[in-house]
Amino acid sequence: MKHIIFLGPPGSGKGTHAEKASKLLGIPRISTGDMLREHMKGDTPLGREAKGYMEAGQLVPDALVIKMLKERLSTPECANGAIFDGFPRTGPQAEALAEVVPIDAVINLEIADQAIVDRMKGRRVCPKCGFTSHTSWLGRKTDCEKCGSDLVIRSDDQPETVLARLRVYHEQTKPLIAYYKERGLLRSVNSEGDVTDVEERVRKALA
Ligand code: AP5
């Protein structure tokens, strides 16, 4: 059984590389961001509560996210482990996770703030299936390679919201680097440069 966390600022490549690691290791990726967006799309009570926080670039309250995560972890799909993408993001979330599963490794994706701002300008996502891509690879293509829907800019990728998300990361999530370092679990990876080079670095960090 394996439980691996992908930690890093918004746009550092957590989703991109957690997805590849999920395929490599044969265990599911759990993205709390994707789960919350699904709730918003379905207009559930949780989605309605999360919407304001997410659109402002703030974190959704711990109690809501922890409950959602624990429910997902208890499904048969997660019996052999999971890759956590974007969870935990606060001390209480890290403590709650440690109570339910043993963590094997934390991949910490490192990237400068300015590189994130530049990278996020080009992110395009599929509103239907969640596929994520980037204008630098898409060229003139504007549709999803998986389901053919038109790709869009994520609602929290407006430059001012990206800056708010970065501030939240530095204040509330960055302290988890020291938390996991103290526990001997941290494996830092340079997430700048070509995506295939980053993929190779992540693969080595997971070995
Ligand atoms: P979430 O969806 O998790 O967003 P995030 O953490 O801000 O991270 P992103 O999805 O923006 O980026 P990423 O690191 O996954 O990068 P990606 O691979 O897409 O969360 C959204 C919101 O939900 C939060 O703000 C919060 O409100 C709420 N939330 C979620 N979890 C929560 C929690 N635990 N507690 C409380 N609230 C929570 O890559 C970015 C772009 O760069 C893509 O276009 C990609 O194609 C491209 N790219 C990737 N690698 C490279 C490369 N090497 N070179 C060039 N481009 C690259």
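**Exercise 1. Disulfides**

Task: Determine how many disulfides the count comes to.

Solution. Start with the term: a disulfide is a covalent bond between the sulfur atoms of two cysteines. Here the criterion is a pair of cysteine sulfur atoms within 2.5 Å. By this rule the count is zero disulfides. Next, check Cys126: the nearest cysteine sulfur belongs to Cys147 and is 3.5 Å away, and Cys126 is in no disulfide. Cys147 gives the matching result, with the sulfur of Cys126 as its nearest at 3.5 Å and no disulfide.

The model is predicted, so local features need pLDDT of at least 70 and side-chain atom pairs count only at pLDDT 80 or more, while totals for chains, interfaces and linings use all residues. Residues are numbered from 1 along each chain as its sequence is written, and side-chain values use heavy atoms, without hydrogens and water.

**Exercise 2. Exposure of the two cysteines**

Task: Classify Cys126 and Cys147 as buried, partly exposed or exposed.

Solution. Set the cut-offs: buried is under 20% relative accessible area, exposed is over 50%, and partly exposed lies in between (1.4 Å probe, protein chains only). Cys126 has a relative accessible area of 4% and is buried. Cys147, at 38%, is partly exposed.

**Exercise 3. The surroundings of Val125**

Task: Place Val125 in its strand and list what Val125 touches.

Solution. Strands are DSSP runs of E with at least two residues, helices are runs of H or I with at least four, and both are numbered from the N terminus. Val125 lies in strand E5, residues 123-125. With a relative accessible area of 9%, Val125 is buried. A contact means heavy atoms within 4.5 Å. Leaving out residues up to four places away in sequence, Val125 touches Phe131, Thr132, Leu151, Val152 and Arg154. The C-alpha atoms of Val125 and Asp150 are separated by 8.7 Å, with their positions 25 residues apart along the chain.

**Exercise 4. The whole chain**

Task: Decide how the radius of gyration of the protein chain stands against the globule rule.

Solution. First, the elements: the protein chain has 10 helices and seven strands. The radius of gyration, taken over C-alpha atoms, is compared with 2.2 Å times the number of residues to the power 0.38. The chain gives 16 Å, close to the 17 Å of the rule for 207 residues, so it is as compact as a globular protein of that length. Along the principal axes, the C-alpha trace spans about 45 × 40 × 35 Å. Buried residues are 46% of the 207. Of the contacts with a separation of 6 or more, 68% join residues 24 or more positions apart.
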